[in-house]
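Colleague: Could you walk me through how you read a model like this one? I'd like the general idea each time, then the case at hand.

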Amino acid sequence: MRNRRSVSKLAVKENATGYFFIAPWLIGLFVFTLFPMGMSFYLSFTDYSLTKGLDKLNWIGLDNYIRMFANDPEYIKSLLITLKYVILSVPMKLAFALIIAMVMNQKLRLISLYRAIYYIPTLLGGSIAISVVWRRLFHRKGPINEIIGSIANLLGLEHTAKTWYTDPNLAIYTLIILTVWQFGSSMIIFLAGLKQIPQDYYEAAAVDGATPIQRFFFITLPSLSPVILFNLIMQTINAFQAFTQAYVIGGGGNSVGAKSMEFYTLYLYKTGWTAFKEMGYASAMAWVLLVIIGLTTVLIFKTSGSWVNYGSGE
Amino acid sequence: MSLHAKRFIKKFFTHLVIIFFAIIMLYPIVWLFMKSFTPNDEIFSNITALIPQHFTFENYVAGFMPKGTLSKSFIYYMGNSMYLSLVTVLFNLISCSMAAYAFARIRFKFRGFWFSIVLITLMLPYHVITIPRYILFNNLGLINMRDVGGMNLNFLYLPLTLPKLFATDAFFIFLLVQFMRGIPKDLDESATLDGCGRIGIFFRIIIPLSTAALVTTGLFSFLWTWDDYFNQLLYILDSARNTVPIALRSFIASDSVSNWGASLAMSVLSIIPCFVLFFSMQKYFVQGITTTGLKG
C-alpha cells in the first residue's frame, strides 16, 4: 500500500514532467506573446518610432488614441472600409457555405470529390498566385468584364469595362467576392454539423406534413445554430485581420484603388513600417483592433442567447 | 410517377446543381492554368477562352529568367520557400506535440489554467504582437544577420522559425490535445505496469497513435508558411533569401500590363505543392478543419 508521502512524491514527479513538456510553450508564451503584448500596450502611449532608438521615446499619454479618432481621417476611412468588408463578406460567405453544405448533405456518389472541389478555392485563396489571378480577372480587359459585357449585350444594356481594383466604387467588391469564394472550411464544418442532426426529427416533421421550408426553419437552422455561431465568430475574427489580398490586389501604394482597399491592418502596416515607422501609433491601432474584435465577439455571444439552440436531450 | 423515378430525378438535379456551381467556382483556377500555356498575345485576343490555340511553354521559360528586382530564377525562390516551410513543420511538430501531450495526459498543477490560456491565445489578433515582436527581433539583431562573426546567417530565417520552436501556433496544440484525449488511457496504464515512464509513453504510445493528427499539423504548418506573405514581407530583407510570396509579388510589380504570361506561369508553379499535398492527403484536411474550425 502506498503511504501519503509516496503519493505526494508521485504528484511532484507528475508536476515536474508536466512542466518539462510544456516548457517550450510556456517560454514561448512569455517571450513571444505576453511580453510583446505588454510592450505594445506600453508603446501605444509613446511616440516611439523605429527610426529612433527605444531610449529616445517620449510618454505622450492618450495622444495616440485621441489622434486616431480626432485627427486622422485616413484611419477612420480604413476602419469604415474594414467594417464594410466584414459586414458584407462574412454573412455572404456563411450563407453560401450553408446552402452548398445542405445541397451536398445527401447520400450522393462522388460526394468526397465535390467536397474537395469546393474546398480548392479555400486551399489556394490566401496565396499570392490567386491575388495575381484576381488582378487579371478584374482587369479592364479581363474575363469578368468580358463576361458581364456579353451578358449586358444580350439584354441590350450598356456596359463600360473598368478595372475593378482601381475603381473607388468597385475595388472593395473584388475582395468581397474573393472572400466569399473561399467558403470551403465553413462548408465542411456545416456538413459535419448537418450529419449530427437526428434523422427522426425530419421523419417526424414529414409525418406532421411540414414543408421543406418549415423543416429548414424549424429543424435545420435551430439544430445547426451552435455551428453557425462558431463559424460566425471565427470568420469575423479572421475578416477583421485580412491583409495579404488587399495589399497585393490593391497594390499597396497610394493609388486610388489601393486607397479604397486600405484595410485596418494595411494602414497599421503603413504607419508602423513605412515612411515615419511610427510604431507607437501603430501599437495603439493594434490595441484598438483587439478591443474592436473582442467587443464584436462579445456582442455576437450576447445576442446568441436568443438564436442559438443548445438542444435538450439527445 | 413512381417513388423510385422521383428519387432518381432529384439526385440527378442535385448533381447538376453541384456541378454547375463547381464550374463557376473553379473557373478562375482553370483559367489561370490554361492561360499559363497560352502565348501572350493570344491571352488577350480571346480573354475568356480556356483552350489555347497555340500551346506553349514560353511563359514558363520567361518566368524562370531572373527579372526586375529578382536576381535569381523563380525555382530558387521555390527552394527557399520549401526549406522554410519544412523547418517550420519540424519545429511545430516537436514543440506542439510536447505541449499537447502534457495537456492531454499529465496531471500537473494549474493544467486547466494554462490550457485556458492556450484557448485564449487562439483568438488573439496577431497584429497586437507583431510590432513588439518585430522590435524584439530587431534589437536582438536577428532580422538581418548578414554579418554575424563573418557569416551570413539569414538562411536560418530566425524571426520566422524561432517562435515555432516554442509552440506559438496554439491551433496545433488544441488540435493535438483533442486527438490525444481520444487515445485509450488503458494503454498508458499497461505501459506503466511494464515499467514505461512518462517519456517512454510519449514516444512509444502517444506519438505513434497520433500520426493522423500529426500529419494534419504538418500539413497546415506547411501550407500556412508557404502562403504567409505578411511575416515574410516584414522579416525577409535579404533578397537572396526571398520566398515564393515575395518573389511573386515583385513579379507582378515589374510585369507590364501587356505581358501577363510569365506571372501566370509562375503562379501555377507556386500552387503546385499545395495541390499535391491536398489531393494526396484529403482526409487529413477534413479532420483538421472539423476538429478546430481552422481559419480560411
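Modeller: We'll go from overall shape to the chain contact, the cores and a few single residues. Keep in mind that this is a predicted model.

Colleague: Let's start with the fold. How many helices and strands does the secondary structure of chain B come to?

Modeller: Count the elements before anything else. Chain B has 15 helices and 0 strands.

Colleague: And what radius of gyration does chain B have, next to a compact globule of 296 residues?

Modeller: The idea is to set the value beside the globule rule. A compact globule of 296 residues would come out near 19 Å, whereas chain B has 24 Å. Its C-alpha trace spans about 80 × 75 × 35 Å along the principal axes. As for burial, 41% of the residues of chain B count as buried. Look at contact range too: among contacts in chain B with a separation of 6 or more, 70% are between residues 24 or more positions apart.

Colleague: Which domains does the assignment give for chain B?

Modeller: Domain 1 covers 3-62 and domain 2 covers 68-292. For a pair of domains, I check the spacing, then the contact. The centres of domain 1 and domain 2 of chain B are 33 Å apart over C-alpha atoms. Their contact takes 9 residues from domain 1 of chain B and 8 residues from domain 2 of chain B. On the domain 1 side, α1 (3-35), α2 (40-45) and α3 (58-64) of chain B each give two or more residues. That side divides into 5 nonpolar, 3 polar and 1 charged.

Colleague: Now the two chains. How many residues does the contact take from chain A and from chain B?

Modeller: Read an interface by its counts, its main contributor and its chemistry. Here the contact takes 76 residues from chain A and 70 residues from chain B. Helix α1 (residues 4-43) of chain A gives the most to the chain A side, with 20 residues. By class, that side has 51 nonpolar, 20 polar and 5 charged residues.

Colleague: What about the largest nonpolar core: which of its residues touch the most other members?

Modeller: For a core, find the hubs and then the elements feeding it. This core has 114 residues, and the hubs are A:A97, A:M187, A:F190, A:M261 and A:A286. Helix α3 (residues 73-104) of chain A gives the most to this core, with 13 residues. Domain 1 (3-62) and domain 2 (68-292) of chain B both give residues to it, so the core lies between them. Take one hub: leaving aside neighbours within four places in sequence, A:M187 is in contact with A:A97, A:I100, A:A101 and A:Y118. Another core, of 32 residues, lies apart from the largest one, and A:W25, B:I106, B:F172 and B:I206 are among its members.

Colleague: Is helix α8 of chain B mostly covered or hardly covered?

Modeller: Check length first, then burial. Helix α8 (residues 170-181) of chain B has 12 residues and reaches 17 Å from first C-alpha to last, close to the 16 Å expected. It is mostly covered, with 10 of its 12 residues buried, including B:F171, B:F172 and B:F174. By contrast, helix α9 (residues 185-193) of chain B is hardly covered: the count of buried residues among its 9 residues is 0. Just after α9 of chain B, B:G195 takes a positive phi of about 90°.

Colleague: Last one: why is A:A95 called partly exposed?

Modeller: Count neighbours. A:A95 sits in helix α3 of chain A, and it is partly exposed because 13 other C-beta atoms lie within 10 Å, a count between the cut-offs of 12 or fewer for exposed and 20 or more for buried.

Notes: Residues are numbered from 1 along each chain as its sequence is written. Chains are lettered from A and ligands numbered from 1 in the order in which they are written. This is a predicted model: local features need pLDDT of at least 70, side-chain atom pairs count only at pLDDT 80 or more; totals for chains, interfaces and linings use all residues. Domain bounds come from an automatic or database domain assignment. Two residues are in contact if their C-beta atoms, placed from the backbone, lie within 7 Å. Helices (H or I, at least four residues) and strands (E, at least two) are DSSP runs, numbered from the N terminus. Ala, Val, Leu, Ile, Met, Phe, Trp, Tyr, Cys and Pro count as nonpolar, Asp, Glu, Lys and Arg as charged, and the others, Gly among them, as polar. The expected span of a helix is 1.5 Å times one less than its number of residues. A nonpolar core is a set of buried Ala, Val, Leu, Ile, Met, Phe, Trp, Tyr and Cys residues joined through C-beta atoms within 7 Å. The radius of gyration is taken over C-alpha atoms; the globule rule is 2.2 Å times the number of residues to the power 0.38.
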